Amino acid sequence: MKKRRIDLGARFVKVDEPRMVWVVAANGSERTPVPHYVLVREDSQNRRRTLSEAVLLDRNFYRQLQEQYPAQPGPPAPL
């Protein structure tokens, strides 16, 4: 498994939806060779998506915001 390059609590916006902020809430599966992350929408905690590190770091799709908030303790709530 590759070393992860994104911290829990990191905040991202999708390039084509810059008003919608996504926060890294948890690490995804450890079984894949590419790290994945579970993101929750900042204004709606029940909206979730799992994305690869490659997609999050691709500036054509997402941009990381500079300010960061601590991740919430515990596992994410079930869908």
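How many residues does the hairpin use to join strand 1 to strand 2? The hairpin passes through two residues. With that small piece in hand, here are the close-up views of this predicted model.

**Figure 1. An overview of the chain shows one helix and five strands.** Starting at the N terminus, you meet the elements in the order β-β-β-β-α-β. The chain has 79 residues, and 32% of them are buried. The views that follow visit the strands and some of the side chains around them.

**Figure 2. Five strands make up an open sheet with antiparallel pairing.** Reading across the sheet, the strand order is 4-3-2-1-5. Strand 4 (44-52) and strand 5 (62-64) are the edge strands, and each of them pairs on one side only. On average, neighbouring strands in this sheet are turned by 35° against each other, with direction ignored. A helpful background point: strands of a sheet pair through backbone hydrogen bonds, in either a parallel or an antiparallel way.

**Figure 3. Strand 1 pairs with strand 2 in the antiparallel sense.** Four bridges hold this pairing. Look for Phe12, whose bridge partner in strand 2 is Trp22. The hairpin from the opening question belongs to this view too: it joins strand 1 to strand 2.

**Figure 4. Strand 1 also pairs with strand 5, and the two run antiparallel.** Three bridges join them. Phe12 is a good landmark once again, as it stands opposite Gln64 in strand 5. Keep in mind that strand 5 is an edge strand of the sheet.

**Figure 5. Strand 2 and strand 3 pair in the antiparallel sense.** Strand 2 covers residues 17-27, and five bridges link it with strand 3. One pair to find here is Asn27 and Tyr37: Asn27 stands opposite Tyr37 in strand 3. Is strand 3 mostly covered or mostly open? Strand 3 is mostly covered, with five of its six residues buried.

**Figure 6. Strand 3 meets strand 4 in an antiparallel pairing.** Strand 3 spans residues 36-41, and six bridges connect it to strand 4. Several partners can be picked out along the way. Tyr37 has Leu51 as its bridge partner in strand 4, Val40 has Arg48, and Arg41 stands opposite Ser44. A hairpin of two residues joins strand 3 to strand 4.

**Figure 7. Arg11 and Glu42 form a salt bridge.** Their closest N and O atoms are 2.8 Å apart. This pair links distant parts of the chain: Arg11 lies in strand 1, Glu42 lies in the loop between strand 3 and strand 4, and 31 residues separate them. The side chains of Arg11 and Glu42 also make a polar contact, at 2.8 Å. Why does Arg11 count as buried? Its relative accessibility is 5%, so Arg11 falls into the buried class, which is set at under 20%. Glu42, by contrast, is partly exposed, with a relative accessible area of 33%. In general, side chains of opposite charge can pair when their charged atoms come close.

**Figure 8. Asp43 and Arg41 form another salt bridge.** Here the closest N and O atoms are 2.7 Å apart. Which of the pair is exposed, and which is buried? Asp43 is exposed, with a relative accessible area of 60%, while Arg41 counts as buried at 17% relative accessibility. How many salt bridges does the structure hold? The count comes to two.

**Figure 9. The charged end of Arg49 sits over the ring of Trp22.** The distance to the centre of the ring is 4.1 Å. You have already met Trp22 in the view of strand 1 and strand 2, where Trp22 is the bridge partner of Phe12. How many aromatic pairs does the structure hold? The answer is zero.

Methods
Residues are numbered from 1 along each chain as its sequence is written. This is a predicted model: local features need pLDDT of at least 70, side-chain atom pairs count only at pLDDT 80 or more; totals for chains, interfaces and linings use all residues. Side-chain values use heavy atoms; hydrogens and water are left out. Rings of Phe, Tyr and Trp (its six-membered ring) pair if their centres lie within 6.5 Å; planes under 30 degrees apart count as stacked, over 60 as edge-to-face and the rest as tilted. A charge sits over a ring if NZ of Lys or CZ of Arg is within 6 Å of the ring centre and within 35 degrees of the ring normal. Buried means under 20% relative accessible area, exposed over 50%, partly exposed in between (1.4 Å probe, protein chains only). A polar contact is a pair of N or O atoms within 3.5 Å; within protein, one must be able to donate a hydrogen and the other to accept it, and residues adjacent in sequence count only if both atoms are side-chain atoms. Two strands pair if DSSP finds at least two bridges between them. Axes are lines fitted to C-alpha atoms, for helices over the stretch in contact, and angles run from 0 to 180 degrees between N-to-C directions. A salt bridge is a side-chain nitrogen of Lys or Arg within 4 Å of a carboxyl oxygen of Asp or Glu.
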